[in-house]
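Dear colleague,

I am handing over the structure we spoke about, and you will find it directly below. Please have it open while you read the notes that come after it.

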Amino acid sequence: MLLEEPDIEEVFGWWKPESGGRPPGRWSAAEGTRLFAVAERGVGIIGLAALTNIRREEQYARVSCAILGEHRQNGAGHWSMTELIRRGVRLDALRRLETCVRAGNTSSRVLLESLGFRPLDVPGFPTDNAPIGSYVYLRLDLPAASPGYFPRGVSRRLCA
């Protein structure tokens with residue numbers, strides 16, 4: 001399940017100005033960020049997922065997700081990214097999403113490409129044959145009307 005603020009705000013030090021927290025500053029979350037804890041029933045928090053740099057007028061955001069090693073390769077990353085994208089579409093009307101992965105991280109790149117992300121041509125960051133340790137940038141452009149774009153997958157012990 002994805003757990004959004006306010007519970008996670010105090011744990012990770014993220015404050016949103018509209019929730020009555022302290023004003024944005026150097027170490028607080030900027031407006032335009034949604035942070036989620038990825039949790040699995042019976043286990044607890046197994047990762048973090050975020051929508052950052054949300055620009056509603058442009059229907060744009062960056063997405064990121066990090067799952068604990070022992071929970072990778074069992075669908076948690078795919079489910080989390082799918083749910084994160086769904087929430088971005090539902091809550092912020094997002095249609096353009098970007099992210100990056102380390103060049104050698106084939107499993108993450110395959111996961112993102114399975115969700116529709118495509119390499120983005122960024123000067124200085126090659127899309128193919130990138131040196132290990134560098135980054136590949138990816139973008140997902142959703143259709144203007146995308147209800148049902150992401151089919152519901154097997155829920156496992158993760159739930160929305």
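What follows is a description of the fold, the second helix, the largest pocket, the salt bridges and a few single residues.

Please keep in mind throughout that this is a predicted model. The chain has 160 residues, of which 39% are buried, and its secondary structure comes to three helices and seven strands. Followed along the sequence, these elements come in the pattern β-α-β-β-β-α-β-α-β-β. If one takes the contacts between residues at least 6 apart in sequence, 55% of them join residues that are at least 24 apart. One pair that is distant in sequence is Ile46 and His71, which are separated by 25 residues along the chain, while their C-alpha atoms lie 7.1 Å apart in space. Ile46 belongs to strand β3, and it counts as buried because its relative accessibility is 1%, which is under the 20% limit.

The helix α2, which covers residues 76-92, can be checked against its expected length. At 1.5 Å a residue its 17 residues should span 24 Å, and the C-alpha atoms at its two ends are 23 Å apart, so the model agrees with the expectation. This helix is also mostly covered, since 13 of its 17 residues are buried. Just after α2, Ala93 takes a positive phi of about 55°.

The largest pocket holds about 610 Å³ of space. Its lining is made up of 26 residues, and those that lie nearest its centre are Cys65, Ala66, Asn105, Ser108 and Leu111. Four elements, namely β4 (60-67), α2, β5 (96-102) and α3, each supply at least two residues of this lining, and among the contributors β4 gives the most, with six residues. By residue class, the lining of the largest pocket divides into eleven nonpolar, twelve polar and three charged residues, which may be useful to you if you intend to look at the character of its walls.

Turning to charged pairs, a search of the whole structure finds eight salt bridges. Side chains of opposite charge can pair when their charged atoms come close. Within α2, the side chains of Arg87 and Glu83 meet in a salt bridge with an N to O distance of 3.3 Å. These two residues are four apart in the helix, so they are separated by about one helical turn, and both Arg87 and Glu83 are buried. A pair with the spacing of four residues is also found in helix α3 (residues 106-114), where Glu113 and Arg109 are likewise separated by about one helical turn. In the salt bridge between Glu113 and Arg109 the closest N and O atoms are 3.0 Å apart. As for accessibility, Glu113 counts as partly exposed because its value is 26%, whereas Arg109, at 16%, counts as buried.

Another salt bridge joins the side chains of Glu58 and Arg55, with 3.2 Å from N to O. Here Glu58 is partly exposed, with a relative accessible area of 39%, and Arg55 is partly exposed as well, at 33%. Beyond these pairs, Arg34, Arg56 and Asp92 are linked in a network of salt bridges.

Finally, two glutamines deserve a look when you inspect the backbone. Gln59 has a positive phi of about 55° although it is not a glycine, and it is found in the loop between β3 (44-55) and β4. With a relative accessible area of 34%, Gln59 is partly exposed. Gln73 is not a glycine either, and its phi is positive too, at about 65°. The place of Gln73 is the loop between β4 and α2, and it counts as exposed because its relative accessible area is 70%, which is over the 50% limit.

With best regards

Conventions:
Residues numbered from 1 in each chain as written. Predicted model: local features only at pLDDT ≥ 70, side-chain atom pairs only at ≥ 80, totals over all residues. Heavy atoms only, no water. Salt bridge = Lys/Arg side-chain N within 4 Å of Asp/Glu carboxyl O. Buried < 20%, exposed > 50% of the residue type's maximum accessible area, 1.4 Å probe, protein only. Expected span 1.5 Å × (residues − 1). 1 Å grid on protein atoms, 1.4 Å probe; cavity = no way out; pocket = protein on both sides within 12 Å on 5 of 7 lines; lining within 4 Å. Points joined across faces, edges and corners; volume = space filled by probe spheres on them. Nonpolar A, V, L, I, M, F, W, Y, C, P; charged D, E, K, R; others polar. Contact = heavy atoms within 4.5 Å.
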